[in-house]
Amino acid sequence: MVGKYGYADKILRVDLSTGRTATVSTLNYADRFLGGRGIAAKIYWDEVAPEVEALGPDNRLIFITGPLAGVSPGVGAVRWLVCGKSPVTTPEQFSYCNLGGSWGTELKCAGYDGVVVYGKAEKPVYIHIEGNKAEIKDASHLRGKSAVETREIIKGQLGNQTRVVTTGPAGEHMSTISTILADNDASGSSGFGAVMGSKNLKAIAVRGTGKIANAGREKLTELNRQIRQMRRTSPQGESIWGRSVTPDKKKLDICRGCSLGCERNVYESKDGRKGKFICGQVGFYSGRAARYYGDKDWQEVPFQAAMLANDYGLDVFAIG
């Protein structure tokens with residue numbers, strides 16, 4: 001058992017310029033600042049001066065979880081954030097992106113509430129976190145690889161239970177519309193793929209084995225039961241997509257530890273590729289595909305467009 005009542009009580013700090021790592025206590029912040037975004041905002045306030053450039057080495061890239069992540073399934077607390085100064089805003093300023101999937105929970109189970117990255121590596125690197133141990137590894141062999149390919153290569157090397165967040169060629173070239181991509185095709189924008197590229201950080205790979213305690217397991221279990229009951233008895237309207245969302249080639253892909261339910265699915269294309277379906281990634285191209293290809297390919301074409309954006313690590317909303 002690690003941490004106490006929702007927190008692992010460690011934030012990992014990684015200086016890519018020197019190659020050094022250190023930890024600080026989450027409780028230095030948690031008594032005054034609410035959740036992952038509150039803690040990240042405090043770190044940013046203390047450490048990122050107004051004159052610091054988003055793509056400069058002194059910017060902080062903060063991967064952070066909230067106190068409910070990894071505590072108990074059901075409350076939708078699997079969300080995690082990446083925060084820092086964004087190259088997208090004018091002027092450049094604090095921003096964040098919010099992701100689902102499984103990476104954030106895995107980080108918490110590895111014994112860390114967050115990771116703060118700063119500096120710039122001399123060559124491409126990735127951070128490997130496992131068993132309460134963190135190290136910086138060479139990622140030169142991953143240079144130019146797509147985000148999806150990078151994720152799968154690292155998982156092939158470190159084990160399929162490893163969770164990976166990475167960026168694609170767009171991030172390496174510091175495109176301001178570049179994204180980061182994690183397991184379950186969870187993606188985040190705000191130009192943080194470019195910030196990763198500016199630091200020569202290709203990915204962060206995490207494998208966790210611990211558990212997080214909560215202060216009221218019985219009450220949390222009851223809350224989850226009430227939420228599930230409300231979902232069963234609430235009216236079910238038409239899908240936001242306006243048509244069937246359960247064709248033969250899709251299956252549910254629920255974020256780790258979430259029982260709230262949504263339309264998030266995995267789709268298998270005609271060429272055998274699998275990826276996230278029914279989300280903003282696919283939705284950005286659905287109308288365009290319908291106009292040019294008709295209803296018969298309303299799934300296939302938007303899916304392939306979204307996967308192409310994922311490969312390069314590009315924000316589909318900016319493309320749209």
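Student: How do you know that the span of helix 7 (residues 217–233) is close to what is expected?

Tutor: Helix 7 has 17 residues and reaches 25 Å from its first C-alpha to its last, and the expected span is defined as 1.5 Å times one less than the number of residues, which here gives 24 Å, so the two values are close. A helix is a DSSP run of H or I with at least four residues, a strand a run of E with at least two, both numbered from the N terminus. This is a predicted model, in which local features need pLDDT of at least 70 and side-chain atom pairs count only at pLDDT 80 or more, whereas totals for chains, interfaces and linings use all residues. Residues are numbered from 1 along each chain as its sequence is written, and side-chain values use heavy atoms, without hydrogens and water.

Student: What puts the buried residues of helix 7 on the same side?

Tutor: Leu220, Asn224 and Ile227 are the buried ones, with buried meaning under 20% relative accessible area, exposed over 50% and partly exposed in between (1.4 Å probe, protein chains only). Their arc, taken from the directions from the helix axis to the C-beta atoms, is only 60 degrees, and therefore they lie on the same side. The face turned away from that buried side carries the exposed Glu218, Lys219, Arg232 and Thr233.

Student: Why are strand 2 (20–24) and strand 5 (93–99) called edge strands?

Tutor: Two strands pair if DSSP finds at least two bridges between them, and in the open, mixed sheet of order 2-1-6-3-4-5 each of these strands pairs on one side only. For strand 5 there are 7 bridges to the antiparallel strand 4 (residues 80–86).
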